[in-house]
Amino acid sequence: MKTQYAISAGHESTVEVAQTILEAGGNAVDAAVAALLATFVVEPCMSSAGGGGFAMVYEPGQEVQIVDFFCQTPKEKFDGGKADFYPIEVDFGEVKEVFHVGMGSTAVPGSIGGIFAMHRRWGKMPMSELVQPAIRLAKEGVIVNDFQHEDFVLLRNILQVDPKAAPIFFPDGEFIQLGDRQFMPEQADFLEYLGKEGPDFFYKGEIARTICEDHLEGGGFLRRHDFETYEAVFRKPLQFWFRDNQILTNPLPSTGGMSLLMAFHAYDERGDAADIFEKEHVAILVEVLQQLDRFKKHPQAFQTWLTENLPEFGKFQFGLPKDRKWGSTTHFNIVDEKGMAVSLTSTNGEGSGYFVRHTGVQLNNMLGESALLPNGFHSWTPDHRLSSMMSPSMVLDKSGLLEVVMGSGGASRIPTAIFQVLLNLLQYDYSLNKSVDLPRVHLEHGELNIEAANNLNFASDVYPKKKEWTDYSLFFGGVHALRRTASFWEAVGDHRRDGVALLS
């Protein structure tokens, strides 16, 4: 196979940063570290030093690893009624949703811990060099594109909570517009210090002290020992087989990978259709989605299924995340010339509205995400890793060679989006580009959402309650993906979220 690297991501600058590091001699993990740092600047409502995520790392000849750097619940909690925790309405046009923000909505951030954990294990280039592309972007500014501007508009009510965010999102007193250049000089300084001082700067030094002082005074749960004890966790991926392909995805305690496994299990039980455009294929998809929906509504049924099908997880107690419409999440994939690969998904939730002084960093609102707290707000267990639907995934062929690298944003739609793209690839043998581009369906709140419905063959009896979308939409995720063919890699960035791809 020709020597080559491949990248797909949610923003042009994220791809360019990864490319810069690869061409400077870095490996896929070096490029992923630099790219994740860059997302803090170029995708600031999707990714943040104040958020968390997951990375899957493939190194030829070694066991595949999941790096879990998602957010952790605080070690202690007081009466939630005394917390700085309040609702903010977000207008999506057709619907309005309420999200909960404030200092009391913030879990312990994991992104910085994940960056340094990956770098310690696999990195080749010094961190002081890997932070430079993000610093440059923060200083020189980034042109606000269509997708980022749409994100800013949706989350405007949250972005205007903290006056410290005004220079970033309300320069000169006016809300930032499409085509404007967005500057983050304080974030540049933060990243400069981070590159020099390492993770202790964030978890044991000035940043942790500032956050915890503000939380103590302002009604947040975070304390110094929450930061001082945070660690990224290395896990073995959840693995299963489909059509002579081994699928690797995010394991428990996250439920996105398990949902993906359940979808393929249900599909295998139901059978398959000759082609995706047949009514029979849609009927099968609907049955699969209905089974997933039943598990979400009845966690005990999910527990029973685990006990019967995966007994090693049978005693693992948790609730399945509830659905929500929005997903402030980004994803990218990188394969380097030696075949090392990274699939990484990160998020900041919708953001808590609290920005850390002199950093330009907004902290997450994971404790305000109803999707992550099926038993209600303030029901979280202290000192636990939160669950997630994020599912960075890879596929190996029957000889163990890396074949596909992919992931998606989109909250509750992440597993169903990845499932449908993998079906298009592995079952129906479509090209990567067509597999990502084909319309998707998603069942939520008893309603079957049908993307670009005029492009598929749906009969009136497929599902009683339907919403037919006339066009493509970011509602159905954003699956960025790479695929190995006989002689080269393919790379696709999902147009639903202004995805970008690069091959060299």
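**Chat about a predicted model: cavities, sheets and a buried Asp**

User: Let's start with the cavities. How many of 30 Å³ or more turn up in a search of the whole structure?
Analyst: Five. Keep in mind that this is a predicted model.

User: Ok. How much space lies in the second largest cavity?
Analyst: About 80 Å³.

User: And which residues line the second largest cavity?
Analyst: Phe 40, Pro 44, Ser 47, Ser 48, Ile 168, Phe 169, Met 184, Gln 187, Phe 355, Gly 360, Val 361 and Gln 362.

User: Which helix and which strand each supply at least two residues of that lining?
Analyst: That would be helix 8, residues 166-169, and strand 14, residues 361-362.

User: Switching to sheets. What's the strand order in the open sheet of six?
Analyst: The order is 9-10-15-16-20-21, and the pairing is antiparallel. Strand 9 and strand 21 (489-492) have a single partner strand each, so one side of each has no neighbour in the sheet. From one strand to the next, the twist averages 15°.

User: What packs on that sheet around strand 9, strand 10 and strand 15?
Analyst: Helix 13, residues 256-270, touches those three strands, and its direction makes about 20° with that of strand 9. There's also helix 16 (414-427), which lies across strand 9, strand 10, strand 15, strand 16 and strand 20 (478-484). Helix 16 runs at about 150° to strand 16.

User: Is strand 10 mostly covered or mostly open?
Analyst: Mostly covered: five of the five residues in strand 10 (245-249) are buried. Asn 245, Ile 247 and Thr 249 point one way, while Gln 246 and Leu 248 point the other way.

User: How does strand 10 connect up with strand 9?
Analyst: The two run antiparallel, joined by five bridges. Gln 239, for one, has Leu 248 of strand 10 as its bridge partner. Strands 9 and 10 form a hairpin with two residues between them, and Arg 243 in the turn has a positive phi of about 50°.

User: And what about strand 10 with strand 15?
Analyst: Also antiparallel, over three bridges. Ile 247 has Val 395 as its bridge partner in strand 15, and Leu 248 has Met 394.

User: What comes between strand 15 and strand 16, where Asp 397 lies?
Analyst: A loop: Asp 397 lies there, between strand 15 (393-396) and strand 16 (402-409).

User: Buried or exposed, that Asp 397?
Analyst: Buried. Its relative accessible area is 16%, and the cut-off for buried is under 20%, which is why Asp 397 gets that label.

User: Which residues is Asp 397 in contact with, leaving aside its neighbours within four places in sequence?
Analyst: Asp 244, Asn 245, Glu 403 and Arg 484. Close by in sequence, the side chains of Asp 397 and Ser 399 are joined by a polar contact of 2.7 Å.

User: Next, the open sheet of three strands. What's the order there?
Analyst: 17-18-19, with mixed pairing. Strand 17 (441-444) and strand 19 (466-468) are the edge strands, each pairing on one side only. The twist averages 20° from one strand to the next.

User: In which sense do strand 18 and strand 19 pair?
Analyst: Parallel, over three bridges, with strand 18 covering residues 447-450. Leu 448 stands opposite Lys 466 in strand 19.

User: Last one: where is Val 153 found?
Analyst: In helix 6, residues 146-154. Val 153 is partly exposed, with a relative accessible area of 42%. Val 153 and Gln 177 are 24 residues apart in sequence, and their C-alpha atoms are 9.1 Å apart in space.

How values were computed: Residues are numbered from 1 along each chain as its sequence is written. This is a predicted model: local features need pLDDT of at least 70, side-chain atom pairs count only at pLDDT 80 or more; totals for chains, interfaces and linings use all residues. Side-chain values use heavy atoms; hydrogens and water are left out. Two strands pair if DSSP finds at least two bridges between them. Helices (H or I, at least four residues) and strands (E, at least two) are DSSP runs, numbered from the N terminus. Axes are lines fitted to C-alpha atoms, for helices over the stretch in contact, and angles run from 0 to 180 degrees between N-to-C directions. Buried means under 20% relative accessible area, exposed over 50%, partly exposed in between (1.4 Å probe, protein chains only). A polar contact is a pair of N or O atoms within 3.5 Å; within protein, one must be able to donate a hydrogen and the other to accept it, and residues adjacent in sequence count only if both atoms are side-chain atoms. Contact means heavy atoms within 4.5 Å. On a 1 Å grid over the protein atoms alone, a cavity is a set of points where a 1.4 Å probe fits but cannot get out, and a pocket is an open set with protein on both sides within 12 Å along at least five of seven lines; lining residues have an atom within 4 Å of a point. Grid points are joined across faces, edges and corners, and a volume is the space filled by probe spheres set on the points.
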